[in-house]
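Welcome, and take a moment to look around before reading on. The report below walks through the model step by step.

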There are 2 protein chains.
Amino acid sequence: MAATIKDIARRTGLGLATISKYLNGGHVLPQNQAAIEEAVRALDYKVNEAARTLKTRRTGYVGLVLPALTNSFIMEIVQQIQLDLRACGFGTALCCSAPGTDSIRRQTELEAIDFVLKKGVDGIINLPQNEDGVHLLKPLEMGIPVTLIDKQIPELADRISSVMIDNVGAARTAADELLNAGHRNILALFHGETNYTGRRRAEGFMDALRQRGYPVDPDRIIYMGTTSSASSLDLIREKIRQFRPTAIFAANFGLTSRTLEALEAEGLRVPSDVSVVGFDGVGVNDGYGVKLWSVMQPTVQIGSAAAQIMSEQITAAAQGNPLPPQVRTLQAQLLPGNSVRII
Amino acid sequence: MAATIKDIARRTGLGLATISKYLNGGHVLPQNQAAIEEAVRALDYKVNEAARTLKTRRTGYVGLVLPALTNSFIMEIVQQIQLDLRACGFGTALCCSAPGTDSIRRQTELEAIDFVLKKGVDGIINLPQNEDGVHLLKPLEMGIPVTLIDKQIPELADRISSVMIDNVGAARTAADELLNAGHRNILALFHGETNYTGRRRAEGFMDALRQRGYPVDPDRIIYMGTTSSASSLDLIREKIRQFRPTAIFAANFGLTSRTLEALEAEGLRVPSDVSVVGFDGVGVNDGYGVKLWSVMQPTVQIGSAAAQIMSEQITAAAQGNPLPPQVRTLQAQLLPGNSVRII
DNA sequence: CCTCCACAGCGAAACGTTTCGATGTACATA
DNA sequence: TATGTACATCGAAACGTTTCGCTGTGGAGG
């Protein structure tokens with residue numbers, strides 16, 4: 001049987017309250033501190049987190065609610081979040097929505113939130129599937145702080161924190177690269193039109209065109225919507241055949257992968273036939289001679305920022321003066337490759 | 001303030017013990033069952049997990065201790081483990097060792113184990129870094145069941161469960177593919193010589209050669225040891241120059257990536273110059289025309305099996321009759337590509 | 001009719017912590 | 001000397017569950 005605070009009290013002759021106070025960072029007489037530490041070592045005392053949680057209503061866990069763990073971008077963030085939360089003493093309760101269609105994903109995201117809530121967490125970090133944030137109403141109502149990563153939910157912007165890159169700027173820089181190389185017939189691929197991130201990146205892309213006085217052809221701005229990965233591959237191939245673009249900008253991880261597949265299927269080579277700027281490091285390292293230009297999100301910083309905000313919110317709330325939500329915007333970086341031909 | 005079991009008791013007029021019994025699956029009179037359910041709904045009662053844990057010493061969490069989340073192979077397993085554990089009512093406490101050298105990884109794995117132990121978990125699923133299993137002694141001593149994935153630790157084989165593929169068979173199949181295509185000068189790359197998985201795959205590879213009466217050239221069997229990814233790239237390039245192999249077998253995810261980089265750097269093409277069989281789906285989907293033959297591990301099944309074993313062990317132990325450790329071996333599958341030239 | 005058993009239900013005592021309000025001490029100030 | 005203050009310590013009462021051992025009831029078996 002593990003040692004308890006009572007055993008420490010018995011061994012040191014001190015009261016429970018004193019031990020507890022010291023264990024929680026309070027100040028006690030030097031000789032008592034020494035006695036307590038000796039007893040802790042001798043008895044191999046570990047504080048019982050369950051009892052502490054019961055009393056304080058703090059679990060020391062943060063729920064990390066994500067869509068499927070599908071790409072390196074998410075993974076790197078997850079890893080960093082976990083490391084930083086741990087450094088702050090928080091455990092990370094991982095909870096992914098189930099794979100399937102978008103509608104299933106949205107549904108299971110609600111279940112994922114419910115699950116972490118049932119288990120008990122002090123806060124939630126979320127990469128949302130439900131664009132409207134319905135799934136976050138319950139935690140918010142319960143006073144549990146929420147931090148979003150990668151996306152923003154405008155309806156709830158004043159109640160939740162978020163960490164994102166400057167999507168507009170990132171897309172603008174990517175577009176500039178293609179425009180500087182002389183490309184005018186550019187196919188631009190974005191996620192669904194209702195998708196916050198996708199819309200912002202599309203804005204940035206169009207900004208770049210407009211800034212130079214080039215026309216924006218809405219037909220060449222493709223929103224993938226909620227199509228499956230197979231059908232979006234078909235859509236991309238179709239658009240390639242239709243417009244014969246000299247360049248393609250793919251505005252996220254999946255779209256970049258599918259663009260490469262589509263070009264391969266159409267028998268087109270990068271960059272000789274079509275130039276490409278992609279996202280999130282797809283095709284940057286695969287050893288086939290073509291190294292894609294790629295918008296790289298600072299995953300470590302995103303993860304660290306999310307963990308830090310979360311930790312601050314929780315500790316502030318625990319002391320009774322909850323912090324207002326924070327929004328942090330980081331800069332992405334355009335990593336050079338050899339996938340853009342100058343024309 | 002959330003409703004408690006006492007509120008249910010007051011509302012229904014029943015005793016605490018009765019409510020608790022019903023909530024834990026016990027049998028009560030039909031009318032009481034109805035009354036309890038009504039009250040639970042009306043008061044929006046949720047059982048307080050902390051109180052339950054305090055009393056039962058079960059936390060409902062499984063610690064998932066991993067090396068860095070670096071590749072899709074691990075991710076898919078993690079995802080599946082998480083889904084299946086959740087279906088059994090368990091939370092997943094993710095805990096990764098910190099990135100860095102192998103020695104740092106081993107050290108931080110100990111810290112990761114300590115952390116989940118401190119937080120309190122009912123079991124641990126682990127992809128070990130420490131080949132000797134030192135990090136698992138403490139949980140084992142505490143009576144916390146451990147399940148390994150991907151690797152095995154012979155010293156502890158009788159005390160912990162594990163889920164792996166048939167590494168020998170998988171490597172043998174891969175080698176057969178190259179041998180059938182007529183290759184004799186094959187470079188074979190494995191992880192460190194002390195690495196259980198690496199050794200088994202090397203055995204399988206050599207088996208295939210011997211079975212056909214071909215000589216095994218130990219110089220062409222490369223163990224990477226604990227080299228960094230940059231220096232192992234150099235090593236591969238050096239060996240390629242030295243032996244001018246017609247084919248390469250790369251026996252894990254990282255080695256396959258580095259093999260492709262090395263070939264690219266050496267100006268060699270797949271499969272015209274060198275044939276390749278890789279591992280874990282690297283190079284299977286990148287849209288450059290070359291699709292690698294690849295040993296695919298059944299990640300979903302591995303994850304499900306690990307979760308299932310864990311759940312069984314925990315529930316059995318909770319009822320006082322702990323189960324003996326289980327070892328489950330699954331079959332990998334050789335996925336065809338176009339990276340092997342017949343000579 | 002009596003005994004016995006199975007079964008619901010019950011109260012109370014834990015589980016190990018935190019925290020409130022009170023007590024005691026030492027020391028500075030008037 | 002009397003008074004006030006700061007501070008370390010303390011006991012006891014929670015927090016919300018599970019579970020042990022008991023009581024009461026209804027019905028089967030003799």
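## Two chains and two DNA strands

Let us begin at the DNA, with an arginine: A:Arg52 places a polar side-chain atom 2.8 Å from a phosphate oxygen of DNA strand C. Please keep in mind that this is a predicted model.

A:Arg52 has company on DNA strand C. The side chain of A:Ser20 brings an N or O atom to 2.7 Å from a phosphate oxygen of this strand, and a polar backbone atom of A:Asn48 is 3.3 Å from a phosphate oxygen there. DNA strand D has contacts of this kind as well. The table gathers examples from both strands.

| Residue | Part of the residue | DNA strand | Distance to a phosphate oxygen |
|---|---|---|---|
| A:Ser20 | side chain | C | 2.7 Å |
| A:Asn48 | backbone | C | 3.3 Å |
| A:Arg52 | side chain | C | 2.8 Å |
| A:Thr18 | side chain | D | 2.9 Å |
| B:Ile5 | backbone | D | 2.6 Å |
| B:Ser20 | side chain | D | 2.7 Å |

## The surroundings of each strand

How many residues surround DNA strand C? There are 26, and the closest are A:Ile5, A:Ser20, A:Tyr45, B:Gly15 and B:Asn32. By type, the surface near DNA strand C divides into 11 nonpolar, 10 polar and five charged residues. Helix 2 (16-23) and helix 4 (49-56) of chain A, along with helix 2 (16-23) and helix 4 (49-56) of chain B, each supply at least two residues of this surface. Its largest share, five residues, comes from helix 4 of chain A.

Now turn to DNA strand D. Here 27 residues surround the strand, the closest being A:Gly15, A:Asn32, B:Ile5, B:Ser20 and B:Tyr45. The surface near DNA strand D is made up of 11 nonpolar, 10 polar and six charged residues. Helix 2 and helix 4 of chain A and helix 2 and helix 4 of chain B each give at least two residues to the surface near DNA strand D. For this strand, helix 4 of chain B gives the most, with five residues.

Which parts of the DNA do the atoms within 4 Å of the protein belong to? For DNA strand C, 69% of them belong to sugar or phosphate and the rest to bases. For DNA strand D, the share in sugar or phosphate is 69%, again with the rest in bases.

## How the two chains meet

Two copies of a chain are related by a rotation about an axis and a shift along it. In this model, a rotation of 180° with 0.0 Å of shift along its axis superposes chain B on chain A, with an RMSD of 0.1 Å. The two copies are therefore related as by a two-fold rotation axis. The same surface serves both copies, as 100% of the contact residues of chain B recur in chain A.

In this interface, 48 residues of chain B are in contact with 48 residues of chain A. About 4,300 Å² of area is buried between chain B and chain A, and carbon and sulfur atoms give 59% of this area. Between chain B and chain A there are 12 residue pairs in polar contact, both residues at pLDDT 80 or more, while the count of salt bridges between them is zero.

Which elements of chain B give two or more residues to the side that touches chain A? They are helix 4, helix 5 (72-87), strand 2 (91-96), helix 6 (102-119) and helix 11 (253-266) of chain B. The residues on that side of chain B divide into 23 nonpolar, 16 polar and nine charged.

## Details within the chains

Side chains of opposite charge can pair when their charged atoms come close. Over all chains, the structure holds 23 salt bridges. One of them joins A:Arg237 to A:Glu266, with the closest N and O atoms 2.7 Å apart. This pair links distant parts of the chain: A:Arg237 is in helix 10 (residues 229-243) of chain A, and A:Glu266, 29 residues apart from it, is in the loop between helix 11 (253-265) and strand 9 (275-279) of chain A.

Most residues other than glycine have a negative phi, and most peptide bonds are trans. A cis peptide bond joins A:Val270 and A:Pro271, with omega about 0°, and A:Pro271 is placed in the loop between helix 11 and strand 9 of chain A. In chain B, the peptide bond from B:Val270 to B:Pro271 is cis, with omega near 0°. B:Pro271 lies in the loop between helix 11 and strand 9 (275-279) of chain B.

Finally, A:Arg57 is not a glycine, yet has a positive phi of about 65°. A:Arg57 sits in the loop between helix 4 and strand 1 (61-66) of chain A.

Conventions
Residues numbered from 1 in each chain as written. Chains lettered and ligands numbered in written order. Predicted model: local features only at pLDDT ≥ 70, side-chain atom pairs only at ≥ 80, totals over all residues. Heavy atoms only, no water. Near = heavy atom within 4 Å. Polar contact = N/O pair within 3.5 Å; in protein donor to acceptor, adjacent residues only side chain to side chain. Helix = DSSP H or I, 4+ residues; strand = E, 2+ residues; numbered from the N terminus. Nonpolar A, V, L, I, M, F, W, Y, C, P; charged D, E, K, R; others polar. Least-squares fit on C-alpha atoms with pLDDT ≥ 70 in both. Contact = heavy atoms within 4.5 Å. Buried area = accessible area lost by both parts, 1.4 Å probe. Salt bridge = Lys/Arg side-chain N within 4 Å of Asp/Glu carboxyl O.
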